[in-house]
Amino acid sequence: MLNKIHLDKLKKIFTGYTAGKAQDSDFQCKVIVLMSVIAAPTAALFSIINFLNDRALLAIIELVAIVLLIPCFKLLNNKESLPFIKNLLMANAIMVFTALFIDGGIVDTGMSWALIVPFIAFLLMGLPVAWYWVVGFFTIILTSIAAHHTGLYTLPYSDPALVYYPATFVFFALIAAVFEMQLERLHIQHGKNILELEELQTNLKHNIKHRTAALQKINDKLQSEIKQHEDTANALKDSEENFYHAQKMEAVGTLVGGIAHDFNNMLSGINANLFMLKRQISDNPDAHERINNVNLLVGSAADMIKQLLTFARKDQVEYKSFDLLPFINQAYKLASVSISPKIKLTYDFPKGQLWIRANGTQFQQVLMNLMNNARDAVKKSDSPTIKVELCQFDSNETFRKTHPELTADSYARVTVSDNGCGIEKSETSKIFEPFFTTKEPGKGTGLGLAMCYGVIQGHAGTIEVESTPGEGSSFHVYLPIYDESDDAAHHVSLHDAVRGNGEHILLVDDDPILAKIQRETLTALGYKVMQASNGKEAIDMVEQQGEQIELILLDVIMPVMGGVEAARHIRKIRKDIRIIYVTGYDQEETLSGANMPGPNDFILDKPFTVDELSHAVRKQLLSTIVN
């Protein structure tokens, strides 16, 4: 077993490794150049010494060696010639050391110099090729020694030295071969280690990349979950706020609905009493004027109740045509209440009429929002000023190009201007977006202008803004002017009450005071009136005196039995009877769905004037019953 191992090692000494040289090409180039740099001046020096010692042939050979070293200096710039240069350098060394061996050199040291050849050969050529050069040089030495012993040529050495020199040379060659074999083995192992390290580095990078990607994925998922959690928390918070707001609005709606019913009953009673009072003092013009003023106040109170109902239910929007000039005067006065006296507040409203078709409550809210925004904008101004203007604007080509969706020829333009902080140009395109606000955190919701934009869009108009930072802003609201003559055919003059001709009317209302005054009013208008306090009593009276009753004024909400349920029973007794539903509540809550009135029925909202009541009764009595 040991012999086989030694034989393998001995075999490798002569065959070497197939991997090649222990040094890479860059290192070999540097070694060759270094050797040339040292060898050239050394050879020149020895050439001079040998020439002075009458060894001309040796001096000439050394000069030739110097010339052959010149290509080695250019090796760094031409690595492709490395194999040729190595062979040239090896041949040069063998030539010089052969000459030294044969000549003997100074004090016969040529034999010792010749021992360097194996080290140079193995250093430059590697194990497989170096053996050829070593064997070739060894053959030259043996040939020289054979010539010496045969008398063909006399070497300057003693016979014992020539006997032992070949063995010494072989020993030095084996040492050089072993040394080179170890270098190549270490080089191969080093190469393997480098490859393993590179593979480990690659695997490590891959693992790091994989783990980093996995961690990034986990982090992204975690961030997503955190974002979802935050969104859920915010959504829950918003839901809670919406729930509380809905509860509050429901409570407000219930409160407003209850107040509206009672309040409308009171207003209806006031109207009826004013009518009766006006009949009794027909000869007093001053009292008539005061009664008319009270009627106007009652109408304003009724409009206020309608606005409260609209606010409470929010989803029902009623558009009416009205003159904007008197309306904006009232709206301006209401909105100006929230403006500090320190702010100079001015207005410029023209004379005449500007009719629009709009929802008064919503338009009032738009004006209030714009004025409140202007109030907040001028807080830091030295002389804060807000101005509200109204004028007629005729559409021009520039306006139509800017707003191709608007088709009206003329618009009522309401402008709210201030000299406040202004708005940056980059923000003017965003101010109408929901939740966008330029106010400090907690000072604004970002919904005011978005609501204004939505309302004006719903009115077939538009809103524009002009602003300069540090100088102020102007908001322009455009609403199409409405031709009030379009409604003329649909309006009935209510300046005078219409009298009856003795028709029998059944008045059903649970409020005794209101029922009494309404009975007196209808009687004064020329009708014969019967009275019931709830739906059950009304059914009984129809069963008893059904043929006489021509019209029923039926309150919707009553104790015992309401008006809608009573009407169903009455229709079974008399299908042709005419009914006017009277309600002080929101129609969407009391007269919708299953409680929807029939095609022959009429609805009269409280509070109503005597003129409105008389026209409704007369119209219903003259109507044709559709089966």
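Helices (H or I, at least four residues) and strands (E, at least two) are DSSP runs, numbered from the N terminus. Keep that naming in mind as you click along.

What you have open is a predicted model, where local features need pLDDT of at least 70, side-chain atom pairs count only at pLDDT 80 or more, and totals for chains, interfaces and linings use all residues. Residues are numbered from 1 along each chain as its sequence is written, and side-chain values use heavy atoms, with hydrogens and water left out.

**Stop 1: a loop**

Select Pro559, which sits in the loop between strand S10 (551-555) and helix H16 (563-573). Pro559 counts as partly exposed because its relative accessibility is 45%; buried means under 20% relative accessible area, exposed over 50%, and partly exposed in between (1.4 Å probe, protein chains only). Now add Asp510 and Asn534: Pro559 touches both, not counting residues up to four places away in sequence. Contact here means heavy atoms within 4.5 Å. Add Ser533 too, and check the C-alpha atoms: those of Pro559 and Ser533 are separated by 8.6 Å, with the two positions 26 residues apart along the chain.

**Stop 2: salt bridges**

How many salt bridges does a search of the whole structure find? There are nine, each being a side-chain nitrogen of Lys or Arg within 4 Å of a carboxyl oxygen of Asp or Glu. Pick Lys536 and Asp540, one of these pairs, with the closest N and O atoms 3.5 Å apart. They are four residues apart in helix H15 (residues 535-545), so about one helical turn separates them. Both ends are partly exposed: Lys536 has a relative accessible area of 40%, and Asp540 has 27%.

Next, select Arg375, Asp376 and Lys379, which are joined into one network by salt bridges that share partners. Within it, Lys379 and Asp376 have their closest N and O atoms 3.9 Å apart. Lys379 counts as exposed, at 64% relative accessibility.

Then go to helix H14 (residues 512-524), where Glu520 and Lys516 lie four residues apart, about one helical turn. Their side chains meet in a salt bridge of 2.7 Å, N to O.

**Stop 3: the sheet**

Show the strands in the order S2-S4-S5-S7-S6: these five form an open sheet with mixed pairing. Two strands pair if DSSP finds at least two bridges between them. At the edges you'll find strand S2 (344-348) and strand S6 (462-468), each pairing on one side only. From one strand to the next, the twist averages 15°.

Zoom in on strand S4 (residues 385-394) and strand S5 (residues 410-418), which run antiparallel and are joined by nine bridges. Asp394 stands opposite Ser410 in S5. Turn on helix H10 (residues 324-335) and you'll see it lying across S2, S4 and S5, at about 165° to S4. Such angles run from 0 to 180 degrees between N-to-C directions, with axes fitted to C-alpha atoms, for helices over the stretch in contact.

**Stop 4: the cores**

Which residues have the most contacts inside the largest nonpolar core? Select Phe101, Phe122, Phe137, Tyr165 and Phe169, out of 45 residues in that core. A nonpolar core is a set of buried Ala, Val, Leu, Ile, Met, Phe, Trp, Tyr and Cys residues joined through side-chain atoms within 4.5 Å. H4 gives the most to this core, with 11 residues.

Finish on Phe169: leaving aside neighbours within four places in sequence, its contacts include Ala114, Pro118 and Phe137. A second, separate core has 37 residues, among them Ile328, Met371, Val388 and Val455.
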